[in-house]
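Visitor: I have just opened this one and would like to go through its pockets. Can you walk me through them?

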Amino acid sequence: MDDLLERLRSGLPADALITDPDVTASYGHDMASFCEAGTPAVVVLPRTVEQVQHVMRTATELRVPVVPQGARTGLSGAANASDGCIVLSLTKMDRILEISPVDRIAVVEPGVVNAVLSRAVNEHGLYYPPDPSSWEMCTIGGNIGTASGGLCCVKYGVTAEYVLGLDVVLADGRLLTTGRRTAKGVAGYDLTRLFVGSEGSLGIVVKAVLALRPQPPAQLVLAAEFDSAAAACDAVCAIMERGHTPSLLELMDRTTLRAVNAMANMGLPETTEALLLAAFDTPEPAADLAAVGELCRAAGATEVVPADTVAESELLLQARRMSLTALETVKTATMIDDVCVPRSKLGAMLEGTAGIAEKYDLTIGVCAHAGDGNTHPVVCFDHTDADESRRARESFDEIMALGLELGGTITGEHGVGVLKKEWLARELGPVGVELQRGIKATFDPLGILNPGKLF
C-alpha cells in the first residue's frame with residue numbers, strides 16, 4: 001500500500017489522490033442492487049491524459065487492479081470497486097475541447113456530463129441525441145463504457161452510433177487513438193466500436209470524437225391511455241409497421257404511473273393499465289401525432305390527448321424520466337431489469353412479466369422504450385425481508401430468461417457489469433465467451449482493468 005501511494009504521488013498532484021477510508025468508501029459502487037463491491041485502496045481523480053498514463057503504468061508495474069468510473073449512475077455494478085484496487089474517477093476530466101458545426105462533431109473529455117454537452121451543442125444549432133434518463137448526472141465516458149441509450153433511440157439510435165473516434169489509455173499506459181473525425185472511414189478493424197460497451201475492461205477512454213446532428217424542431221408529445229398493456233403494445237407495432245418515425249415512443253404501466261404521481265403529483269391517469277407517449281420532431285408534428293392517434297384508437301386506446309405546446313410535452317417527458325426514481329420509493333430497494341426484445345414480442349414480454357410478478361407476489365413496475373422493444377421491469381422489494389429479497393432476485397432472473405426465450409437480449413443499454421455475468425454467458429454461448437475473453441487478454445494480459453466484470 002505504501003509503495004503504491006508513493007509511486008502514484010510521484011506523478012500526480014496532491015489533490016488528485018483520496019486515501020481517507022470514509023471518502024474512498026463512497027466510490028465503492030454504482031446504483032445497482034445485489035452487486036458485490038470491494039474496498040478501494042485509493043481513489044485517483046486525474047485531470048490530464050498524462051496523469052491517467054502514470055496511473056496505468058504504476059498499476060501494471062505493481063499488478064494492482066484499476067476500476068474506471070464516471071458518475072456512478074450505472075445499474076449493473078460495472079463501476080463497483082474491487083478490494084485493494086485503484087478507483088480511477090474521470091469526473092475531473094470534464095472539458096469540451098471542440099465543437100465544429102462544419103464537421104458536425106464534438107471532441108470531449110470523458111467526464112463531461114451528458115446534459116452539459118447537449119446544451120453546449122444546442123447553442124451552435126446542433127444536437128447530440130443520446131439521452132439516458134440520468135442525463136443530468138451521467139458522463140459521456142460512462143455512456144461510452146455501457147453503450148447507453150435513452151428516450152430518443154427509436155429514431156436516433158444509441159451512443160455507439162455517435163462515437164466516431166477515441167483516445168484510450170491501455171493497461172500498460174500506452175495511448176491508442178482509434179477511429180476518425182471524418183464523415184466516412186473504414187480503415188482497419190473497427191476498434192472504436194469494440195471499446196463502446198466494454199465497461200472499462202479494455203482501456204481507459206480519455207477523449208472522444210462524437211457525431212452531431214442538426215438540431216431538430218421542438219417535439220410535440222401525444223399521450224394515449226389503454227386498458228391493457230397488450231393493447232398499447234399493439235399500437236406500438238402498428239405505428240412502426242406503418243412507417244412512422246417518432247422521436248420517442250415510451251410506455252408506462254399502471255404501477256409506474258401511480259409511483260410517479262405519489263412522488264411528484266403529476267396528475268397522470270392512475271386508472272389506466274398503460275400510458276403510451278409518442279413524440280415527433282418533424283416540421284409538422286401535429287399532423288404526425290394525429291395519424292398516430294388514429295392508430296392508437298384503432299388498437300383500443302380509451303383516451304388520446306395530444307399536447308398543444310412544447311411546455312405540455314416537456315411535462316409528460318419529465319414524468320417519464322422520473323419513472324425509475326419514482327419506483328424506487330415503492331419499497332426500500334429495487335432491481336432494475338433491462339431486457340430488450342423484438343418489437344413484435346413486446347406484448348408477450350409485458351404479459352410474461354406480469355405473470356412473474358404474480359408468481360412471486362411482488363410489485364414489478366414496467367416502463368419501456370417501447371419503440372425499441374427495450375423494457376425496464378423494476379422489481380420493488382423490502383431489502384430487510386430475506387424471503388422477499390430472495391423472491392426479488394429469482395423474479396429478476398426469470399425476467400431475463402423470458403427475454404432470451406422471446407429472442408431478445410439481457411441488456412439493451414445498462415450493460416452487464418457484475419449483475420448479469422452469468423446471463424451474458426448464456427446469451428453468448430461458449431464460443432462467444434471464449435472469443436471475447438481472448439479479446440480481453442489481448443488488451444489487458446494481466447487482467448487488471450475492471451476485473452470481475454462481464455465474465
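**Pockets, a cavity and one residue**

Guide: Start with the second largest pocket: 29 residues line it, and those nearest its centre are Tyr 127, Trp 135, Gln 219, Glu 314 and Arg 321. The model is predicted, with local features needing pLDDT of at least 70 and side-chain atom pairs pLDDT 80 or more, while totals for chains, interfaces and linings use all residues. Residues are numbered from 1 along each chain as its sequence is written, and side-chain values use heavy atoms, leaving out hydrogens and water.

Visitor: Which elements give two or more residues to the lining of that second largest pocket?

Guide: Those are helix 4 (114-122) and helix 11. Helix 11 gives the most, five residues. Helices here are DSSP runs of H or I with at least four residues, strands are E runs of at least two, and both are numbered from the N terminus.

Visitor: What counts as a pocket, or a cavity?

Guide: On a 1 Å grid over the protein atoms alone, a pocket is an open set of points with protein on both sides within 12 Å along at least five of seven lines; a cavity is a set where a 1.4 Å probe fits but cannot get out; lining residues have an atom within 4 Å of a point.

Visitor: OK, the largest pocket. What volume does it have?

Guide: About 850 Å³. A volume is the space filled by probe spheres set on the grid points, which are joined across faces, edges and corners. The second largest pocket has about 660 Å³.

Visitor: Which residues lie nearest the centre of the largest pocket?

Guide: Thr 73, Gly 74, Cys 138, Gly 142 and Thr 146, out of 48 lining residues. Helix 5 supplies the largest share of this lining, five residues. Among the other elements that each supply at least two are strand 3 (66-69) and strand 10 (204-211).

Visitor: Now cavities. How many are there of 30 Å³ or more?

Guide: One. The largest cavity holds about 40 Å³ of space. Its lining includes Met 31, Leu 75 and Leu 419.

Visitor: Different topic: Thr 375. Why does it count as buried?

Guide: Because its relative accessibility is 0%; buried means under 20% relative accessible area, exposed over 50% and partly exposed in between, with a 1.4 Å probe and protein chains only. Thr 375 sits in strand 19 (residues 374-381).

Visitor: And what is Thr 375 in contact with?

Guide: Leaving aside neighbours within four places in sequence, its contacts (heavy atoms within 4.5 Å) include Asp 337, Asp 338, Leu 346 and Cys 367.
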